[in-house]
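Okay, everyone, let me put this one up on the screen. I'll walk through a few spots, and you can follow along.

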Amino acid sequence: MTQGFGDRDTIYEDIDVLEADVGKYKPTDLPEREEELDKIHMALRPVTMDGSPRDILVYGPTGQGKTAGVQLKSEQLQEWANQEGVQLEIIHLPCKGADRSYHVLTRLVKELREVRKGQGVDEPSGYQRKRLFEMVLNELETIGGTVIIILDEIDAIGEDDYILYELSRANPDDVKIGIIGITNDLQFRNNLDADVRSSLGQREITFNPYNANHLQNILARRTAQALRDTHFEDGDEDFTHLKSGVLEDGTIPLTASLAAQETGDARQAIELLSYACDLADDEGVGMVGERHVRAAKEEIEREALIDTIGAETTQRKIALLTVVSAEMNDATGETTALHQLYSDLCEYIDANELKQHTFREKLNDLVHSNVLSKDRHGRGRGQGMSNMYTLAGDVNPRSVLDALEDDSRVGHIVEACVFS
(Lines give C-alpha, C1' and ligand atoms only; values in the text may rest on other atoms or scores of the structure.)
Protein backbone atom coordinates (compact mmCIF):
# COMPACT_ATOMS: atom_id res chain seq x y z
CA MET A 1 0.00 0.00 0.00
CA THR A 2 1.32 3.43 -0.93
CA GLN A 3 2.14 5.44 2.18
CA GLY A 4 0.51 8.81 2.72
CA PHE A 5 2.21 12.02 3.67
CA GLY A 6 2.66 12.39 7.40
CA ASP A 7 2.05 8.69 8.09
CA ARG A 8 5.42 8.09 9.72
CA ASP A 9 7.55 9.63 12.45
CA THR A 10 10.61 11.44 11.18
CA ILE A 11 14.22 11.84 12.28
CA TYR A 12 14.16 15.48 11.20
CA GLU A 13 13.82 18.49 13.45
CA ASP A 14 14.50 21.11 10.75
CA ILE A 15 14.98 19.44 7.38
CA ASP A 16 16.05 22.61 5.52
CA VAL A 17 19.26 22.84 7.57
CA LEU A 18 20.55 19.88 5.55
CA GLU A 19 20.14 21.85 2.32
CA ALA A 20 23.45 22.77 0.68
CA ASP A 21 21.90 25.68 -1.24
CA VAL A 22 22.73 28.94 0.58
CA GLY A 23 19.45 30.30 -0.73
CA LYS A 24 17.60 27.82 1.50
CA TYR A 25 19.87 27.77 4.53
CA LYS A 26 22.60 30.22 5.50
CA PRO A 27 25.10 29.24 8.20
CA THR A 28 25.54 31.92 10.84
CA ASP A 29 29.26 31.23 11.23
CA LEU A 30 32.08 29.46 9.40
CA PRO A 31 34.66 28.41 12.02
CA GLU A 32 36.79 26.58 9.44
CA ARG A 33 37.15 29.82 7.45
CA GLU A 34 38.18 32.27 10.18
CA GLU A 35 41.36 33.29 8.35
CA GLU A 36 39.55 33.93 5.08
CA LEU A 37 36.72 35.77 6.83
CA ASP A 38 39.26 38.00 8.58
CA LYS A 39 40.67 38.99 5.18
CA ILE A 40 37.20 39.83 3.86
CA HIS A 41 36.57 41.79 7.05
CA MET A 42 39.80 43.75 6.54
CA ALA A 43 38.80 44.64 2.98
CA LEU A 44 35.34 45.86 4.04
CA ARG A 45 36.39 47.65 7.24
CA PRO A 46 37.27 50.98 5.56
CA VAL A 47 33.53 51.55 5.15
CA THR A 48 33.29 51.93 8.94
CA MET A 49 35.90 54.72 8.72
CA ASP A 50 34.07 56.66 5.99
CA GLY A 51 36.39 55.14 3.41
CA SER A 52 35.97 53.05 0.28
CA PRO A 53 35.89 49.24 0.53
CA ARG A 54 38.80 47.39 -1.06
CA ASP A 55 38.15 45.42 -4.22
CA ILE A 56 38.50 41.66 -3.68
CA LEU A 57 38.83 38.57 -5.86
CA VAL A 58 37.76 35.44 -3.98
CA TYR A 59 38.98 32.13 -5.41
CA GLY A 60 38.40 28.48 -4.63
CA PRO A 61 36.79 25.27 -5.91
CA THR A 62 33.06 24.67 -5.64
CA GLY A 63 31.66 24.10 -2.15
CA GLN A 64 34.41 25.80 -0.13
CA GLY A 65 32.26 28.49 1.51
CA LYS A 66 33.22 31.40 -0.78
CA THR A 67 29.71 32.74 -1.38
CA ALA A 68 28.57 31.97 2.17
CA GLY A 69 31.64 33.74 3.58
CA VAL A 70 31.18 36.85 1.46
CA GLN A 71 27.47 36.97 2.31
CA LEU A 72 28.16 36.52 6.02
CA LYS A 73 30.61 39.43 6.22
CA SER A 74 28.63 41.71 3.91
CA GLU A 75 25.47 41.12 5.97
CA GLN A 76 27.39 41.94 9.15
CA LEU A 77 28.55 45.17 7.54
CA GLN A 78 24.99 45.96 6.46
CA GLU A 79 23.77 45.44 10.05
CA TRP A 80 26.43 47.88 11.28
CA ALA A 81 25.45 50.44 8.62
CA ASN A 82 21.77 50.17 9.53
CA GLN A 83 22.55 50.71 13.21
CA GLU A 84 24.81 53.69 12.51
CA GLY A 85 22.59 55.28 9.88
CA VAL A 86 25.24 54.89 7.16
CA GLN A 87 24.03 54.72 3.56
CA LEU A 88 25.16 51.30 2.28
CA GLU A 89 23.74 49.08 -0.45
CA ILE A 90 25.02 45.59 -1.21
CA ILE A 91 24.19 44.14 -4.62
CA HIS A 92 24.67 40.36 -4.97
CA LEU A 93 24.69 39.57 -8.68
CA PRO A 94 24.92 35.91 -9.83
CA CYS A 95 26.75 35.88 -13.17
CA LYS A 96 26.11 32.25 -14.10
CA GLY A 97 24.63 32.12 -17.57
CA ALA A 98 25.85 35.65 -18.38
CA ASP A 99 28.61 34.79 -20.85
CA ARG A 100 29.38 38.41 -21.78
CA SER A 101 29.81 41.74 -20.01
CA TYR A 102 26.68 42.94 -21.80
CA HIS A 103 24.48 40.45 -19.95
CA VAL A 104 26.06 41.28 -16.58
CA LEU A 105 25.48 44.99 -17.25
CA THR A 106 21.77 44.48 -18.01
CA ARG A 107 21.36 42.49 -14.79
CA LEU A 108 23.27 45.11 -12.81
CA VAL A 109 21.13 47.98 -14.12
CA LYS A 110 18.02 46.01 -13.10
CA GLU A 111 19.36 45.30 -9.59
CA LEU A 112 20.39 48.93 -9.01
CA ARG A 113 17.01 50.23 -10.16
CA GLU A 114 15.27 47.79 -7.81
CA VAL A 115 17.13 49.40 -4.91
CA ARG A 116 15.13 52.56 -5.62
CA LYS A 117 11.93 51.24 -7.16
CA GLY A 118 11.43 47.81 -5.57
CA GLN A 119 11.06 44.39 -7.17
CA GLY A 120 9.74 43.89 -10.68
CA VAL A 121 11.94 46.19 -12.77
CA ASP A 122 12.66 44.82 -16.25
CA GLU A 123 16.17 44.38 -17.59
CA PRO A 124 17.05 46.99 -20.21
CA SER A 125 17.45 45.68 -23.76
CA GLY A 126 18.59 46.99 -27.12
CA TYR A 127 21.31 49.26 -25.75
CA GLN A 128 25.03 49.22 -26.50
CA ARG A 129 27.20 48.24 -23.57
CA LYS A 130 28.68 51.76 -23.30
CA ARG A 131 25.19 53.14 -22.79
CA LEU A 132 24.41 50.38 -20.30
CA PHE A 133 27.47 51.32 -18.27
CA GLU A 134 26.35 54.95 -18.29
CA MET A 135 23.04 53.71 -16.84
CA VAL A 136 24.97 51.90 -14.11
CA LEU A 137 26.83 55.10 -13.21
CA ASN A 138 23.60 57.10 -13.18
CA GLU A 139 21.95 54.60 -10.85
CA LEU A 140 24.98 54.57 -8.54
CA GLU A 141 25.00 58.37 -8.30
CA THR A 142 21.26 58.40 -7.57
CA ILE A 143 21.67 55.82 -4.78
CA GLY A 144 24.73 57.55 -3.28
CA GLY A 145 26.67 56.50 -0.19
CA THR A 146 28.59 53.25 -0.50
CA VAL A 147 27.64 50.46 -2.90
CA ILE A 148 29.30 47.04 -2.81
CA ILE A 149 28.78 44.95 -5.93
CA ILE A 150 29.29 41.20 -5.50
CA LEU A 151 29.82 39.44 -8.84
CA ASP A 152 29.33 35.75 -8.08
CA GLU A 153 30.82 33.24 -10.57
CA ILE A 154 32.32 36.17 -12.46
CA ASP A 155 34.40 33.77 -14.61
CA ALA A 156 31.19 33.17 -16.60
CA ILE A 157 32.05 36.24 -18.69
CA GLY A 158 35.12 34.46 -20.07
CA GLU A 159 37.59 36.85 -21.69
CA ASP A 160 35.06 39.68 -22.06
CA ASP A 161 36.26 41.73 -19.09
CA TYR A 162 34.78 45.07 -20.20
CA ILE A 163 32.58 45.39 -17.13
CA LEU A 164 35.50 44.69 -14.79
CA TYR A 165 37.69 47.23 -16.58
CA GLU A 166 35.04 49.94 -16.37
CA LEU A 167 33.79 49.21 -12.85
CA SER A 168 37.28 49.07 -11.39
CA ARG A 169 37.98 52.57 -12.76
CA ALA A 170 34.57 54.13 -12.18
CA ASN A 171 34.49 57.28 -10.06
CA PRO A 172 30.87 58.44 -9.92
CA ASP A 173 30.00 61.54 -7.91
CA ASP A 174 29.15 61.13 -4.21
CA VAL A 175 29.34 57.32 -4.16
CA LYS A 176 32.04 54.90 -3.07
CA ILE A 177 32.16 51.56 -4.94
CA GLY A 178 33.55 48.21 -3.83
CA ILE A 179 33.75 45.18 -6.10
CA ILE A 180 33.91 41.59 -4.90
CA GLY A 181 34.45 38.97 -7.58
CA ILE A 182 33.85 35.31 -6.68
CA THR A 183 35.17 32.57 -8.96
CA ASN A 184 35.90 28.83 -9.05
CA ASP A 185 38.59 29.45 -11.67
CA LEU A 186 41.99 29.82 -10.01
CA GLN A 187 43.43 31.09 -13.31
CA PHE A 188 40.75 33.73 -13.81
CA ARG A 189 42.87 36.71 -12.73
CA ASN A 190 45.76 35.60 -14.94
CA ASN A 191 43.47 35.62 -17.96
CA LEU A 192 42.36 39.20 -17.37
CA ASP A 193 43.77 42.22 -19.15
CA ALA A 194 46.84 43.57 -17.34
CA ASP A 195 45.13 46.89 -16.58
CA VAL A 196 42.16 45.08 -15.05
CA ARG A 197 44.45 42.88 -12.96
CA SER A 198 46.29 45.89 -11.54
CA SER A 199 43.14 47.77 -10.56
CA LEU A 200 40.73 45.00 -9.57
CA GLY A 201 43.06 42.57 -7.85
CA GLN A 202 43.91 44.73 -4.82
CA ARG A 203 43.15 41.82 -2.51
CA GLU A 204 42.99 38.13 -3.35
CA ILE A 205 41.55 35.55 -0.99
CA THR A 206 41.79 31.81 -1.68
CA PHE A 207 39.45 29.24 -0.14
CA ASN A 208 41.34 25.93 -0.25
CA PRO A 209 39.52 22.56 -0.10
CA TYR A 210 38.21 21.37 3.24
CA ASN A 211 39.85 18.31 4.81
CA ALA A 212 37.94 15.44 6.41
CA ASN A 213 38.10 16.96 9.91
CA HIS A 214 36.67 20.25 8.63
CA LEU A 215 33.84 18.41 6.90
CA GLN A 216 33.05 16.35 10.01
CA ASN A 217 32.62 19.52 12.03
CA ILE A 218 30.50 21.17 9.34
CA LEU A 219 28.23 18.13 9.16
CA ALA A 220 28.05 17.95 12.94
CA ARG A 221 26.80 21.54 13.18
CA ARG A 222 24.21 20.90 10.48
CA THR A 223 22.89 17.69 12.04
CA ALA A 224 22.70 19.23 15.51
CA GLN A 225 20.09 21.62 14.10
CA ALA A 226 18.51 19.35 11.49
CA LEU A 227 17.97 16.06 13.33
CA ARG A 228 16.07 15.19 16.48
CA ASP A 229 17.88 13.72 19.49
CA THR A 230 21.13 15.28 18.20
CA HIS A 231 23.06 17.91 20.14
CA PHE A 232 26.50 19.06 21.34
CA GLU A 233 27.79 18.39 24.82
CA ASP A 234 29.98 20.70 26.95
CA GLY A 235 29.33 23.71 24.71
CA ASP A 236 31.87 22.74 22.05
CA GLU A 237 30.34 22.59 18.56
CA ASP A 238 32.59 20.06 16.88
CA PHE A 239 32.18 16.44 15.86
CA THR A 240 33.91 15.00 18.92
CA HIS A 241 31.25 16.58 21.17
CA LEU A 242 28.25 15.54 19.05
CA LYS A 243 25.77 13.14 20.57
CA SER A 244 22.97 11.67 18.50
CA GLY A 245 20.22 9.13 18.92
CA VAL A 246 19.61 8.91 15.16
CA LEU A 247 23.16 8.78 13.73
CA GLU A 248 25.40 5.74 13.96
CA ASP A 249 28.95 6.56 15.08
CA GLY A 250 30.49 6.02 11.64
CA THR A 251 27.93 7.92 9.55
CA ILE A 252 29.46 11.40 9.62
CA PRO A 253 33.11 10.21 9.43
CA LEU A 254 32.32 8.11 6.35
CA THR A 255 30.44 10.96 4.67
CA ALA A 256 33.25 13.41 5.37
CA SER A 257 35.91 10.96 4.22
CA LEU A 258 34.16 10.27 0.90
CA ALA A 259 33.75 13.98 0.17
CA ALA A 260 37.30 14.86 1.24
CA GLN A 261 38.81 12.15 -0.96
CA GLU A 262 37.04 13.49 -4.04
CA THR A 263 36.88 17.27 -3.81
CA GLY A 264 36.83 18.56 -0.23
CA ASP A 265 33.46 20.05 -1.22
CA ALA A 266 31.20 20.89 1.74
CA ARG A 267 28.18 21.11 -0.56
CA GLN A 268 28.83 17.57 -1.78
CA ALA A 269 29.22 16.30 1.78
CA ILE A 270 25.98 17.95 2.91
CA GLU A 271 24.07 16.63 -0.11
CA LEU A 272 25.40 13.12 0.50
CA LEU A 273 24.43 13.13 4.18
CA SER A 274 21.05 14.65 3.37
CA TYR A 275 20.34 11.90 0.85
CA ALA A 276 21.44 9.25 3.36
CA CYS A 277 19.11 10.73 5.99
CA ASP A 278 16.24 10.74 3.47
CA LEU A 279 16.83 7.05 2.72
CA ALA A 280 16.85 6.11 6.42
CA ASP A 281 13.83 8.29 7.14
CA ASP A 282 11.93 6.75 4.24
CA GLU A 283 12.70 3.27 5.59
CA GLY A 284 11.42 4.31 9.01
CA VAL A 285 14.40 2.67 10.74
CA GLY A 286 15.13 5.64 12.99
CA MET A 287 18.92 5.43 12.55
CA VAL A 288 21.15 6.70 9.73
CA GLY A 289 24.04 4.31 9.17
CA GLU A 290 27.01 3.82 6.88
CA ARG A 291 24.92 1.63 4.57
CA HIS A 292 22.66 4.60 3.93
CA VAL A 293 25.65 6.78 3.08
CA ARG A 294 26.99 4.22 0.62
CA ALA A 295 23.56 3.73 -0.93
CA ALA A 296 23.15 7.48 -1.24
CA LYS A 297 26.54 7.86 -2.92
CA GLU A 298 25.70 5.14 -5.41
CA GLU A 299 22.33 6.70 -6.22
CA ILE A 300 23.76 10.22 -6.59
CA GLU A 301 26.46 8.92 -8.93
CA ARG A 302 23.88 6.95 -10.90
CA GLU A 303 21.68 10.00 -11.36
CA ALA A 304 24.67 12.15 -12.35
CA LEU A 305 25.77 9.52 -14.86
CA ILE A 306 22.29 9.32 -16.37
CA ASP A 307 22.24 13.11 -16.75
CA THR A 308 25.70 13.09 -18.36
CA ILE A 309 24.86 10.32 -20.81
CA GLY A 310 21.44 11.76 -21.56
CA ALA A 311 23.09 14.97 -22.76
CA GLU A 312 25.42 13.12 -25.16
CA THR A 313 24.87 12.92 -28.91
CA THR A 314 23.42 9.81 -30.57
CA GLN A 315 26.81 8.93 -32.04
CA ARG A 316 28.52 9.04 -28.65
CA LYS A 317 25.74 6.96 -27.13
CA ILE A 318 26.19 4.26 -29.77
CA ALA A 319 29.96 4.35 -29.21
CA LEU A 320 29.40 3.99 -25.46
CA LEU A 321 27.05 1.06 -26.02
CA THR A 322 29.77 -0.83 -27.91
CA VAL A 323 32.06 -0.59 -24.86
CA VAL A 324 29.31 -1.75 -22.47
CA SER A 325 28.57 -4.66 -24.78
CA ALA A 326 32.24 -5.63 -24.92
CA GLU A 327 32.53 -5.64 -21.13
CA MET A 328 29.31 -7.55 -20.48
CA ASN A 329 30.11 -10.14 -23.16
CA ASP A 330 33.81 -10.51 -22.20
CA ALA A 331 34.83 -9.24 -25.63
CA THR A 332 37.76 -6.98 -26.50
CA GLY A 333 37.47 -3.23 -26.12
CA GLU A 334 40.02 -2.58 -28.85
CA THR A 335 39.07 0.19 -31.27
CA THR A 336 38.79 -1.94 -34.42
CA ALA A 337 36.55 -4.54 -32.77
CA LEU A 338 34.37 -1.86 -31.25
CA HIS A 339 34.02 -0.15 -34.62
CA GLN A 340 32.82 -3.38 -36.22
CA LEU A 341 30.03 -3.63 -33.67
CA TYR A 342 29.33 0.07 -34.08
CA SER A 343 28.84 -0.43 -37.83
CA ASP A 344 26.23 -3.14 -37.20
CA LEU A 345 24.38 -0.95 -34.70
CA CYS A 346 24.30 2.03 -37.05
CA GLU A 347 22.85 -0.15 -39.79
CA TYR A 348 20.23 -1.53 -37.41
CA ILE A 349 18.84 1.91 -36.47
CA ASP A 350 19.69 3.55 -39.81
CA ALA A 351 22.20 5.97 -38.27
CA ASN A 352 25.00 7.63 -40.21
CA GLU A 353 28.15 5.49 -39.88
CA LEU A 354 31.36 7.28 -38.99
CA LYS A 355 34.81 6.25 -40.18
CA GLN A 356 36.99 4.52 -37.61
CA HIS A 357 39.16 7.55 -36.81
CA THR A 358 36.05 9.71 -36.18
CA PHE A 359 34.47 6.91 -34.15
CA ARG A 360 37.64 6.85 -32.04
CA GLU A 361 37.23 10.59 -31.42
CA LYS A 362 33.76 9.89 -30.00
CA LEU A 363 35.24 7.32 -27.64
CA ASN A 364 37.92 9.82 -26.59
CA ASP A 365 35.22 12.43 -25.92
CA LEU A 366 33.64 9.95 -23.49
CA VAL A 367 37.04 9.47 -21.85
CA HIS A 368 37.25 13.24 -21.30
CA SER A 369 33.77 13.11 -19.74
CA ASN A 370 35.06 10.46 -17.28
CA VAL A 371 32.58 7.89 -18.56
CA LEU A 372 35.24 5.72 -20.24
CA SER A 373 38.86 4.87 -19.53
CA LYS A 374 41.50 4.33 -22.20
CA ASP A 375 44.60 2.15 -22.08
CA ARG A 376 47.16 2.41 -24.88
CA HIS A 377 49.46 -0.56 -25.41
CA GLY A 378 51.42 -2.35 -28.10
CA ARG A 379 49.88 -5.05 -30.29
CA GLY A 380 53.17 -6.89 -30.46
CA ARG A 381 56.57 -6.42 -31.95
CA GLY A 382 56.41 -4.39 -35.14
CA GLN A 383 52.57 -4.18 -35.08
CA GLY A 384 52.08 -0.70 -33.66
CA MET A 385 49.91 0.53 -30.83
CA SER A 386 46.30 -0.15 -29.91
CA ASN A 387 43.72 1.65 -27.77
CA MET A 388 41.60 -0.35 -25.35
CA TYR A 389 38.43 1.23 -23.95
CA THR A 390 36.58 0.24 -20.78
CA LEU A 391 34.02 1.87 -18.53
CA ALA A 392 35.60 4.20 -15.99
CA GLY A 393 36.20 2.56 -12.63
CA ASP A 394 33.18 3.99 -10.78
CA VAL A 395 30.73 3.67 -13.70
CA ASN A 396 28.11 0.95 -13.28
CA PRO A 397 27.14 -0.83 -16.57
CA ARG A 398 23.51 -1.14 -15.47
CA SER A 399 23.28 2.61 -14.87
CA VAL A 400 24.68 3.24 -18.35
CA LEU A 401 22.08 0.93 -19.89
CA ASP A 402 19.31 2.67 -17.95
CA ALA A 403 20.39 5.98 -19.44
CA LEU A 404 20.76 4.59 -22.97
CA GLU A 405 17.36 2.91 -22.86
CA ASP A 406 15.76 6.34 -22.43
CA ASP A 407 17.00 7.41 -25.85
CA SER A 408 14.28 7.00 -28.51
CA ARG A 409 16.72 5.58 -31.08
CA VAL A 410 19.52 3.92 -29.12
CA GLY A 411 17.07 2.33 -26.70
CA HIS A 412 15.89 -0.04 -29.44
CA ILE A 413 19.29 -1.76 -29.69
CA VAL A 414 20.34 -1.92 -26.03
CA GLU A 415 19.01 -5.36 -25.16
CA ALA A 416 20.06 -6.98 -28.44
CA CYS A 417 23.52 -5.50 -28.21
CA VAL A 418 24.28 -6.47 -24.62
CA PHE A 419 22.92 -9.98 -24.78
CA SER A 420 24.20 -10.84 -28.24
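So, Arg 169 sits over the face of Tyr 165, 4.2 Å from the ring centre. There's another arginine like that: Arg 33 lies over the face of Tyr 210, at 4.1 Å from the ring centre. And yes, this is a predicted model.

Tyr 210 turns up again in the contacts of Leu 215, along with Ala 256, Ala 259 and Ala 260, among others. Leu 215 is also one of the residues that touch the most other members in the largest nonpolar core, together with Leu 18, Leu 227 and Cys 277. That core has 34 residues. Helices H7, H8, H9 and H10 each give two or more residues to the core, and H9 has the largest share, with eight.

Now, aromatics. How many aromatic pairs does the structure hold? Just one. The ring centres of Tyr 342 and Phe 359 are 4.7 Å apart with the planes at 35 degrees, so we call the pair tilted. Tyr 342 is in helix H12 and Phe 359 in helix H13, so the pair ties together parts 17 residues apart in sequence. Tyr 342 is buried, at 0% relative accessible area, and Phe 359 is buried at 0% too.

Last stop, Asp 407, in the loop between helix H14 and helix H15. Buried or exposed? Asp 407 is at 13% relative accessibility, so it counts as buried. Its side chain makes a polar contact with the side chain of Lys 317 at 2.8 Å, and the Asp 407 side chain also reaches the backbone nitrogen of Arg 409 at 2.8 Å. Leaving out residues up to four places away in sequence, Asp 407 touches Thr 314 and Lys 317.

Note on methods:
Residues are numbered from 1 along each chain as its sequence is written. This is a predicted model: local features need pLDDT of at least 70, side-chain atom pairs count only at pLDDT 80 or more; totals for chains, interfaces and linings use all residues. Side-chain values use heavy atoms; hydrogens and water are left out. Helices (H or I, at least four residues) and strands (E, at least two) are DSSP runs, numbered from the N terminus. Buried means under 20% relative accessible area, exposed over 50%, partly exposed in between (1.4 Å probe, protein chains only). A polar contact is a pair of N or O atoms within 3.5 Å; within protein, one must be able to donate a hydrogen and the other to accept it, and residues adjacent in sequence count only if both atoms are side-chain atoms. Contact means heavy atoms within 4.5 Å. A nonpolar core is a set of buried Ala, Val, Leu, Ile, Met, Phe, Trp, Tyr and Cys residues joined through side-chain atoms within 4.5 Å. Rings of Phe, Tyr and Trp (its six-membered ring) pair if their centres lie within 6.5 Å; planes under 30 degrees apart count as stacked, over 60 as edge-to-face and the rest as tilted. A charge sits over a ring if NZ of Lys or CZ of Arg is within 6 Å of the ring centre and within 35 degrees of the ring normal.
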